[in-house]
Structures are given as C-alpha cells and as structure tokens.
Amino acid sequence: MTTQVIVLNGGSSSGKSGIVRCLQAVLPGAWLAFGTDTFVESLPASMRAGDEGIEFGPDGEVVVGAEFRALEAAWIEGVAAMVRAGARVVVDEVFIGGAESQARWRKALDGLGVLWVGVRCDAAVATGREVARGDRVVGMAASQAELVHHGVTYDLEVDTVHAESMECARAIAAHAE
C-alpha cells in the first residue's frame with residue numbers, strides 16, 4: 001500500500017520537528033505537517049490548567065483530562081479525514097500513553113497506508129536540547145525519552161543522537177512507498 005501518512009513518535013526535544021521539515025523537503029509532492037504541539041497550542045488557555053485539560057508538572061510530567069481526550073480524538077479523526085480526502089500528512093506525535101496512544105491513531109487511520117516511525121534520542125541529549133530551546137518544561141525530555149516508546153510498534157526507528165535530521169528524513173523517505 002502506498003504511504004499516505006507518516007507518524008513520527010518520540011519524546012519532547014527528540015528531534016521530530018526537524019525531521020518533519022526535512023521530510024517535507026525530500027518527499028515527492030506536498031506533505032502537510034501536523035503535530036501534537038499544534039493541537040495543544042490550539043486549546044483555550046482554560047484547558048492548560050485543571051483536571052479536564054492538560055497540565056505540565058514541574059518535573060515534566062504531562063497529565064491530561066477527559067475533555068482533552070475528547071478533543072484529541074476529534075483532532076485525530078480530523079487528520080485521518082484529511083488523509084482520506086487525498087492529503088498526504090506527516091504527524092509529529094508524543095505517545096504519552098505508549099501503546100494506548102498508538103492504538104487511538106491506529107483505529108483512526110485504519111485502512112490507510114501508514115508508516116510508523118520511532119524517533120529515539122538519549123534522555124541526556126534530549127535534556128540538553130530542551131534547556132537550549134528554553135520553551136519547554138524542564139524535565140519533560142528526560143521523562144518522555146523512553147516512556148513514549150513503551151509497547152509501541154514501528155516500521156522504522158531513527159536515532160537523532162547518531163544521525164542529523166536530513167539523514168533521518170532520507171531513511172524514512174526510503175521506506176515510504
């Protein structure tokens with residue numbers, strides 16, 4: 001089946017966003033890019049605090065509530081609908097729930113050509129990137145580095161400690177049919 005959607009999963013500051021930009025440059029045709037950061041930024045401020053939305057703990061822990069999950073489900077279905085309507089999409093995700101998070105995407109993308117990519121990055125390296133960026137809750141990169149991969153299955157994995165974004169993108173593009 002032809003690849004219609006590429007789902008990149010990795011922890012905060014693992015290098016996914018750089019890979020996405022490179023993928024858009026090397027893949028043939030136009031590919032849209034959507035990420036969990038875009039979704040979270042689209043939420044009203046009231047959902048960034050409280051039990052129903054999303055909360056970022058001082059140690060980088062991320063806790064989400066029922067209203068967040070409902071909106072996330074609608075967002076995931078919306079991305080899948082765009083793919084079904086003919087758009088090719090690269091998704092930049094953070095599977096906080098590991099296999100459970102992937103299962104939500106698998107259900108929405110059922111019947112589509114999906115390439116599942118794990119973006120690995122050593123926790124210490126991701127932490128250094130996190131500090132350099134200055135726009136993340138300190139601790140998020142370390143807490144997510146392995147957590148997001150628990151029970152998740154991939155077609156391909158890349159390691160951003162040992163390869164630059166463009167090298168990773170070329171490896172991914174080679175697997176996209």
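About 30 Å³ of space lies in the largest cavity of this predicted model. The structure holds 1 cavity of 30 Å³ or more. What lines the largest cavity? Ten names come up on going around the wall: G11, S12, S14, V119, R120, C121, A126, A141, A145 and H149. Sorted by class, that lining has 5 nonpolar, 4 polar and 1 charged residues.

One of the lining residues, S14, deserves a visit of its own. S14 sits in the loop between β1 and α1. Is S14 buried or exposed? With a relative accessible area of 3%, S14 counts as buried, because the cut-off for that label is under 20%. Leaving out residues up to four places away in sequence, S14 touches V119, C121, R129 and T160. Two of these names, V119 and C121, also turn up in the lining of the largest cavity. Along the chain, S14 and G118 are 104 residues apart, yet 10 Å is what separates their C-alpha atoms.

Next door in the sequence is S13, found in the loop that runs between β1 (5-9) and α1 (16-26). Here the backbone does something worth pausing over. Most residues other than glycine have a negative phi. S13 is not a glycine, but its phi is positive, at about 65°. S13 is buried too, since its relative accessible area comes to 6% and buried means under 20%.

Now for the open spaces. How much space lies in the largest pocket? The figure is about 640 Å³. A total of 36 residues line the largest pocket, and those nearest its centre are T36, D37, V94, R136 and M140. By class, the lining of the largest pocket breaks down into 13 nonpolar, 10 polar and 13 charged residues.

The second largest pocket comes in at about 160 Å³. Its wall is built from S17, V20, R21, A33, F34, G35, D37, T38 and D92. Which elements each supply at least two residues of this lining? They are helix α1, strand β2 (32-35) and helix α2 (36-42). The classes split evenly here, with 3 nonpolar, 3 polar and 3 charged residues in the lining of the second largest pocket. D37 belongs to this lining and is also among the residues nearest the centre of the largest pocket.

Stepping back to the whole chain, the secondary structure comes to 7 helices and 7 strands. Read from the N terminus on, the elements follow the order β-α-β-α-β-β-α-β-α-β-α-α-β-α. The radius of gyration is 15 Å, close to the 16 Å that the globule rule gives for 177 residues, so the chain is as compact as a globular protein of that length. Along its principal axes, the C-alpha trace spans about 40 × 35 × 25 Å. How much of the chain is buried? Of its 177 residues, 45% fall in that group. The accessible surface comes to about 8,400 Å², and carbon and sulfur atoms own 55% of that area.

Contacts tell a story about the fold as well. Taking the contacts with a separation of 6 or more, 76% are between residues 24 or more positions apart. A176, in the segment after α7 (165-175), gives some examples. Setting aside its neighbours within four places in sequence, A176 is in contact with T3, I6, L27 and L115. A176 is buried because its relative accessible area, 17%, is under the 20% cut-off. Distance along the chain and distance in space can also be compared for A176 and I96: they are 80 residues apart in sequence, and their C-alpha atoms are separated by 25 Å.

Finally, V26 lies in helix α1. Its relative accessible area of 30% makes V26 partly exposed, as that label covers values between 20% and 50%. Not counting residues up to four places away in sequence, V26 touches M166, A169 and A173. V137 is 111 residues away from V26 along the chain, and there are 32 Å between the C-alpha atoms of the pair.

Methods:
Residues numbered from 1 in each chain as written. Predicted model: local features only at pLDDT ≥ 70, side-chain atom pairs only at ≥ 80, totals over all residues. Heavy atoms only, no water. 1 Å grid on protein atoms, 1.4 Å probe; cavity = no way out; pocket = protein on both sides within 12 Å on 5 of 7 lines; lining within 4 Å. Points joined across faces, edges and corners; volume = space filled by probe spheres on them. Nonpolar A, V, L, I, M, F, W, Y, C, P; charged D, E, K, R; others polar. Helix = DSSP H or I, 4+ residues; strand = E, 2+ residues; numbered from the N terminus. Buried < 20%, exposed > 50% of the residue type's maximum accessible area, 1.4 Å probe, protein only. Rg over C-alpha atoms; globule rule 2.2 N^0.38 Å. Contact = heavy atoms within 4.5 Å. Areas by Shrake-Rupley, 256 points an atom, 1.4 Å probe, with all protein chains shown as cover.
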